[in-house]
Amino acid sequence: MNIILLGAPGAGKGTQASKIASKYNLLHISTGDIFRANIKGGTEIGKLAKSYIDAGKLVPDEVTCKIVEDRLTWDDAKSGYMLDGFPRNLYQAQELDKFAKIDLCLNINVDEALLMDRICGRRVCSCGESYHVSTLNGATTCAKCGNELYQRADDNPETVKARLDTYNTQTAPLIDYYEKQGKLACVTSGEGSPDEVFEQIKKILG
Ligand code: ADP
Ligand code: ZN
């Protein structure tokens, strides 16, 4: 099964992706993670991506589509994957249809008023876990692996505003796109706890 995770920044795509990956044995492909790894590694792609990411804009389509198309040819993608953060606009969705067969688009809907606090309070670990300061009780290390937590460079109010704007103008229209393809499934109360949201997802995935 090949799935797309759709939702605004802070909707919980990454959190749910790890849960889905372990229960359903699907490969988790996050374009945001790929770009961040490239930035850390100082690659050409990383250098290019950084300026867009810092501004809350989309990295150019040609670069992003190529990365995903290549990644889907790896052996580990053969038995099913989850795309997190791709596609993010209509062009990317149309390109994806040319090189992949998508079965389902899971749209995680969250009240927009919550997103700013969720993202600005987010602390992440290099292992992929993420937390919110309100539940950390002052802890600064990851409960899963013990590594030091940090805040993503783009998780600041100014960039988040731009990311939400990018989402509303460019990504939200994809809900309609997948609805028309008969592939859309909506997680309606994404405001719940990660476990509550995952319960809904399990019902959808069966
Ligand atoms: P979030 O969903 O919380 O905004 P991501 O890690 O998915 O975080 O993305 C971070 C940034 O990486 C985006 O703001 C954008 O600049 C870039 N990016 C990620 N995926 C794409 C994509 N499919 N197309 C273009 N840019 C992307
Ligand atoms: Zn960790």
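Lys and Arg side chains count as positive and Asp and Glu side chains as negative, with His and the chain ends left out. On this basis, the protein in this predicted model carries 25 positive and 28 negative side chains, and the centres of the two sets lie 2 Å apart.

With regard to overall dimensions, the C-alpha atoms fill a box of roughly 45 × 40 × 35 Å along the principal axes. The radius of gyration is 16 Å, which agrees with the value near 17 Å that a compact globule of 206 residues would have. The chain forms 10 helices and seven strands, and 45% of the 206 residues are buried. Among the contacts with a separation of 6 or more positions, 69% join residues that are 24 or more positions apart. The accessible surface amounts to about 10,500 Å², and carbon and sulfur atoms account for 52% of this area.

In the interior, the largest nonpolar core consists of 25 residues, and those with the most contacts inside this core are Ile20, Met82, Leu106, Ile201 and Leu205. At least two residues of the core come from each of several elements, namely the strands E1 (2-6), E4 (104-108) and E7 (184-187) together with the helices H1 (13-24), H6 (112-120), H8 (157-171) and H10 (194-205). The surroundings of Leu106 illustrate this arrangement: when residues up to four places away in sequence are not counted, Leu106 touches Ile3, Ile4, Leu5, Leu6, Ile20, Ala185, Val187, Ile201 and Ile204. A second core, separate from the largest one, comprises 18 residues, including Leu6, Ala100, Cys105 and Leu174.

Conventions. Residues numbered from 1 in each chain as written. Chains lettered and ligands numbered in written order. Predicted model: local features only at pLDDT ≥ 70, side-chain atom pairs only at ≥ 80, totals over all residues. Heavy atoms only, no water. Helix = DSSP H or I, 4+ residues; strand = E, 2+ residues; numbered from the N terminus. Rg over C-alpha atoms; globule rule 2.2 N^0.38 Å. Buried < 20%, exposed > 50% of the residue type's maximum accessible area, 1.4 Å probe, protein only. Contact = heavy atoms within 4.5 Å. Areas by Shrake-Rupley, 256 points an atom, 1.4 Å probe, with all protein chains shown as cover. Charge placed at Lys NZ, Arg CZ, Asp CG, Glu CD. Core = buried A, V, L, I, M, F, W, Y, C linked by side-chain atoms within 4.5 Å.
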